[in-house]
Amino acid sequence: MAAMTTVPSYTPSLWVRVCHALPRLDLTMQMKDNIFVPDSWEYQQTLLVLSSLSAIALVISLLVVLSFLIHYCCCHRGDRSEGSEEEEEDEDASTGHGYSGKKGRGICCVTWVAVAAVTLCCVAIGIGFYGNSEANDGMYQLTSSLLTANYTLASIDLLISDTISGLQLSVSGPLTSMEELFTGSKPFLVSTRNCRRLSENVINLLSSISMARASVDAGLGNDSISGASIIPLTPVPPSVAPTVVPTSGLMPSPFSPGWAANTLMANEDYRWLSYVLLLLLDLIVCLFILLGLAKQARWLLILMTVLAWLALFLSWGSLGLETATVVALSDFCSDPNTFVVNSTHFNTGTSSDVLDYYLTCSRRMNSPFQQLLTQSQRALSNIHTQLSSLDRNALTQFPKAEKSLREVQQILNSTEGNFHQLVALLNCRGLNKDYIDSLKGLCYDGMEGLLYLSLYSFLSALAFTAILCSLPGAWRSFPSESEEYEDSDSESEDPFTSHQDSKRFLQWQPWL
């Protein structure tokens with residue numbers, strides 16, 4: 001029983017604390033706070049500076065590849081004439097293929113570097129698939145919690161609307177008829193008017209259950225009946241605004257948890273698909289590299305060079321985006337309640353007490369609607385008492401009032417059932433559980449997935465840098481078309497080779 005009464009809690013993970021502790025610099029290289037304020041230009045500058053680190057790494061990679069290209073193109077140009085005699089001797093000693101000497105050592109070195117780089121890239125691809133799956137699981141948990149919270153808020157809105165409409169129906173219909181029938185009996189008339197007054201009181205009390213009165217009053221007017229306009233009790237990423245469930249009679253607004261969940265699901269599908277395509281591109285490049293080294297075809301070398309350059313730019317670019325996202329997410333996850341309370345209070349005018357009650361769900365805090373619900377419960381009980389008194393005493397004198405009295409009693413029974421469900425839904429446990437689940441999905445699985453994706457981008461960028469550095473050596477080591485043509489001519493014109501082939505053919509013909 002103790003485990004069932006425990007309120008779920010959230011604590012930032014180790015990775016969230018580590019990333020949140022990173023120093024922040026703006027474009028003027030001045031230290032800034034790490035408080036999550038996505039709308040602030042100063043905070044956006046710190047994210048730009050962190051993203052620019054991947055651009056610096058890209059420039060370093062380009063310089064390294066350029067230095068290797070200059071080394072192979074310029075420094076080895078003078079060695080060709082000196083090494084031509086050694087290559088001819090190596091070709092004579094290697095049965096016409098020419099891979100046992102200096103060129104053979106070059107091909108071996110290029111092959112081992114390429115194999116090591118491809119192995120590193122394959123490891124990175126495996127890490128990327130795992131990270132993409134973890135991030136997708138986290139976003140799925142976030143969206144499912146948002147949808148669950150939206151269902152709870154819509155149920156609260158529906159219960160309040162049904163209860164208010166039922167009481168209004170009883171006031172305008174059966175109670176009015178009973179007042180007309182009880183005109184000649186003052187005690188019965190007083191009891192009927194007390195029922196009307198208490199019903200109107202309950203309507204006013206339930207109409208005041210709103211967590212965003214400013215936005216509701218602006219959209220409906222002060223005299224309109226609002227539903228349970230409850231703020232989003234689920235965290236949203238920086239690109240999604242705080243949410244408010246739509247009131248009765250209103251179309252879904254961009255502040256509803258359902259709208260936020262649908263937007264997140266659509267964005268998550270595009271994100272997941274883009275990473276899958278990037279991973280498949282890296283895998284295709286690795287396959288072309290192995291195929292090009294095996295075939296020693298220069299057209300394959302040119303193709304994999306173009307793809308490797310594309311993958312290199314995409315890897316460093318994705319690393320920059322992932323770095324900014326990880327840091328911003330760590331800032332949000334380190335203290336999510338503060339951001340949710342401040343942003344929701346600013347956008348909807350919701351009371352801080354209401355937000356604290358649902359975000360923390362502490363046993364020391366009382367429900368901000370407790371007084372309203374208690375008064376409504378007492379009013380409904382008084383209405384039930386008044387109707388029971390009229391049922392015992394008035395029907396014998398006014399039998400025509402029985403139909404109206406039964407209608408009021410039926411409406412009251414339905415109202416009490418809806419009221420008990422409303423009290424249960426307004427408790428903080430259900431919505432706080434959705435809030436905690438969404439936080440865990442975003443800040444645990446989502447954060448871990450983004451970190452793995454960042455590691456994948458970094459390792460793949462290193463692998464493609466090594467591959468591009470080895471490509472000039474592979475180009476120099478591969479035989480050209482003229483060399484292949486000369487080798488084929490020399491083999492066809494060699495009399496000893498043809499004589500050995502004919503002799504070997506005669507040995508396999510015993511009847512000749």
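Which helix holds Leu 287? I looked it up in this predicted model, and Leu 287 sits in helix 9.

**Entry 1: the surface patch**

I checked whether Leu 287 is buried or exposed. Its relative accessibility is 52%, so Leu 287 counts as exposed, the cut-off being over 50%. I then looked for company and found a nonpolar surface patch made of Phe 129, Trp 272, Leu 273, Leu 277, Leu 280, Leu 283 and Leu 287. Together these residues have about 640 Å² of accessible area. Helix 9 (residues 257–295) gives the patch its largest share, six residues.

**Entry 2: the annotated spans**

Next I opened the UniProt record, an unreviewed entry. It puts "transmembrane region" on residues 47–70, 107–130, 272–293, 300–319 and 450–471. I took two of these spans and checked them against the model. Residues 272–293 are 100% helix and 0% strand, with 32 Å between the end C-alpha atoms. Residues 47–70 also come out as 100% helix and 0% strand, and here the end C-alpha atoms lie 35 Å apart.

**Entry 3: the cores**

I went inside. The largest nonpolar core has 43 residues, and the ones with the most contacts inside it are Phe 182, Leu 206, Ile 209, Tyr 358, Phe 369 and Leu 426. I listed the elements that give two or more residues to this core: helix 5 (102–172), helix 6 (174–181), helix 7 (186–207), helix 12 (352–360), helix 13 (370–393), helix 14 (402–425) and helix 15 (428–477).

What does Phe 182 contact, leaving aside its neighbours within four places in sequence? I got Phe 188, Leu 189, Thr 192, Leu 390, Ala 394, Phe 398 and Ala 401. There is also a second, separate core of 35 residues, which includes Leu 58, Ala 114, Leu 307 and Trp 316.

**Entry 4: the salt bridges**

How many salt bridges are there? I have eight on the count, and I looked at some of them one by one.

Asp 331 pairs with Arg 24, with 2.6 Å between the closest N and O atoms. Asp 331 is in helix 10 (residues 298–334), while Arg 24 is in the loop between helix 1 (14–20) and helix 2 (41–75), so this bridge ties together parts 307 residues apart in sequence. Buried or exposed, I wondered, for Asp 331? Asp 331 has a relative accessible area of 2%, so I put it down as buried. Arg 24 is buried as well, at 1%.

Glu 179 and Arg 196 come next, their side chains meeting in a salt bridge at 2.8 Å, N to O. This pair links distant parts of the chain, with Glu 179 in helix 6 and Arg 196 in helix 7, 17 residues apart. Glu 179 has a relative accessible area of 16%, so I filed it as buried, the cut-off being under 20%.

Then I looked at Glu 402 and Arg 406, where the closest N and O atoms are 3.9 Å apart. Both residues lie in helix 14, four residues apart, which is about one turn of the helix. Glu 402 is partly exposed at 38% relative accessible area, and Arg 406 is partly exposed too, at 34%.

Last note: Asp 26, Lys 32 and Glu 42 are linked in a network of salt bridges.

How values were computed. Residues numbered from 1 in each chain as written. Predicted model: local features only at pLDDT ≥ 70, side-chain atom pairs only at ≥ 80, totals over all residues. Heavy atoms only, no water. UniProt positions renumbered as here; feature names shortened; annotations may be inferred. Core = buried A, V, L, I, M, F, W, Y, C linked by side-chain atoms within 4.5 Å. Buried < 20%, exposed > 50% of the residue type's maximum accessible area, 1.4 Å probe, protein only. Contact = heavy atoms within 4.5 Å. Patch = residues over 30% accessible without salt bridge, like charges linked within 9 Å, V, L, I, M, F, W, Y side chains within 5 Å. Areas by Shrake-Rupley, 256 points an atom, 1.4 Å probe, with all protein chains shown as cover. Salt bridge = Lys/Arg side-chain N within 4 Å of Asp/Glu carboxyl O.
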